[in-house]
Amino acid sequence: MNMEITLLGVCGSPVKEGNTEAFLHEALREAGAQPGVSTSEILLARKKIGDCRHCNWCLVKQEKGRFCAIEDDMTEIYPRLIEADALLLSTPTYAGRLSGYMATFMDRWRALVLGKHYRGALEGKVGGAMTVAWLRNAGPETALLSVVTALLMWGVVVVTPGESGCQFGAVGLSSSGGTGRFDPKDRLGVLQDEAGLKSARALARRMVRMSRTLKAGRQALGQSG
Ligand SMILES: Cc1cc2nc3c(=O)[nH]c(=O)nc-3n(C[C@H](O)[C@H](O)[C@H](O)COP(=O)(O)O)c2cc1C
């Protein structure tokens, strides 16, 4: 029985080595410390990914190895999404919702949900959402909800940090105490947010646990994966 779990983390901030990336790394470290778990990451700021054009090419013309009409960095990302047991999405809170980078990325998943050849490829995967906001009460929960809604829409089994976090995912705050106070010496304020980091670690552990449970169940039922 193959019980190796692969967890793919995705950072949706345009800022390289910023708070959203650091927050994701905290969760990936925790997941990678669990036995039998391998982790990898995609930093959307380092990728060229175009918007879904709703051309419906994937619905009618998609074939094995050709996912989408648009040839860009998603071409090498699609197989990684298919291979992963768990998808952990970390977005900055922008106007109380996910970032444009993350929205564009998730729209392109349509090719793995409704595509002619890869229809249903995301079904039964485990998903989790994390966000970093500047302020405690200026939108992290709705930002998580915007990610979680898309995950549910695309057939992913959503896991949350449970008692260690907000009900929709992990929240980190990048200003001091979430008050909006800026400390110029501290570019990665989220690393001072102990409660936030705890929620990131809890989310990672719960995603691994759910991935194992689902994988064992599928194998016991003789289903692929
Ligand atoms: C366009 C834009 C919109 C933002 N909207 C919010 C917001 O609604 N609430 C909030 O708390 N912070 C907001 N922020 C601040 C970021 O969420 C915050 O600085 C976060 O730490 C950015 O993470 P990064 O370091 O990975 O870029 C916004 C920032 C930008 C650029």
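Here is a quick tour of this protein, from its overall build to its ligand shell, its core and one loop glycine.

**Overall build.** Keep in mind that this is a predicted model. The protein has seven helices and six strands, and from the N terminus on they come in the order β-α-β-α-α-β-α-α-β-α-β-β-α. Its radius of gyration is 17 Å, close to the 17 Å that the globule rule gives for 225 residues, so the protein is as compact as a globular protein of that length. If you box up the C-alpha atoms along the principal axes, you get roughly 50 × 40 × 25 Å. Buried residues account for 46% of the 225. Among contacts with a separation of 6 or more, 77% are between residues 24 or more positions apart.

**Strands 4 and 6.** Strand 4 (residues 126-133) and strand 6 run parallel, joined by four bridges. Within that pairing, Val-132 sits opposite Gly-172 of strand 6. In a regular strand the side chains alternate between the two faces of the sheet. Strand 6 covers residues 170-173, and both of its faces are covered. Here is how its residues split up:

| Side of strand 6 | Residues | Status |
|---|---|---|
| One side | Ala-170, Gly-172 | buried |
| The other side | Val-171, Leu-173 | buried |

**Around the ligand.** The ligand has 17 residues around it, and the closest are Gly-18, Asn-19, Thr-20, Ala-133 and Ser-174. Strand 4 turns up again here: this strand and helix 1 (19-32) each supply at least two residues of the shell. As for chemistry, the shell holds nine nonpolar residues, eight polar ones and no charged ones.

**The core.** The largest nonpolar core has 64 residues, and those touching the most other members are Leu-7, Ala-27, Met-130, Val-147, Leu-203 and Met-207. Helix 6 (residues 140-153) gives the most to this core, with seven residues. Take Leu-203 as an example: leaving aside neighbours within four places in sequence, its contacts include Ala-27, Met-130, Val-159, Pro-161 and Ala-170.

**A loop glycine.** Gly-96 lies in the loop between strand 3 (86-92) and helix 4 (100-107). Is Gly-96 buried or partly exposed? Gly-96 has 14 C-beta neighbours inside 10 Å, so it counts as partly exposed. Not counting residues up to four places away in sequence, Gly-96 touches Ala-138, Gly-139, Thr-142 and Ala-143. The C-alpha atoms of Gly-96 and Ala-138 are separated by 6.5 Å, although the two residues are 42 apart along the chain.

Key
Residues are numbered from 1 along each chain as its sequence is written. This is a predicted model: local features need pLDDT of at least 70, side-chain atom pairs count only at pLDDT 80 or more; totals for chains, interfaces and linings use all residues. A residue is buried if 20 or more other C-beta atoms lie within 10 Å of its own, exposed if 12 or fewer, and partly exposed in between; C-beta atoms are placed from the backbone. Two strands pair if DSSP finds at least two bridges between them. A residue is near a molecule or strand if its C-beta atom, placed from the backbone, lies within 6 Å of it. Ala, Val, Leu, Ile, Met, Phe, Trp, Tyr, Cys and Pro count as nonpolar, Asp, Glu, Lys and Arg as charged, and the others, Gly among them, as polar. A nonpolar core is a set of buried Ala, Val, Leu, Ile, Met, Phe, Trp, Tyr and Cys residues joined through C-beta atoms within 7 Å. Two residues are in contact if their C-beta atoms, placed from the backbone, lie within 7 Å. The radius of gyration is taken over C-alpha atoms; the globule rule is 2.2 Å times the number of residues to the power 0.38.
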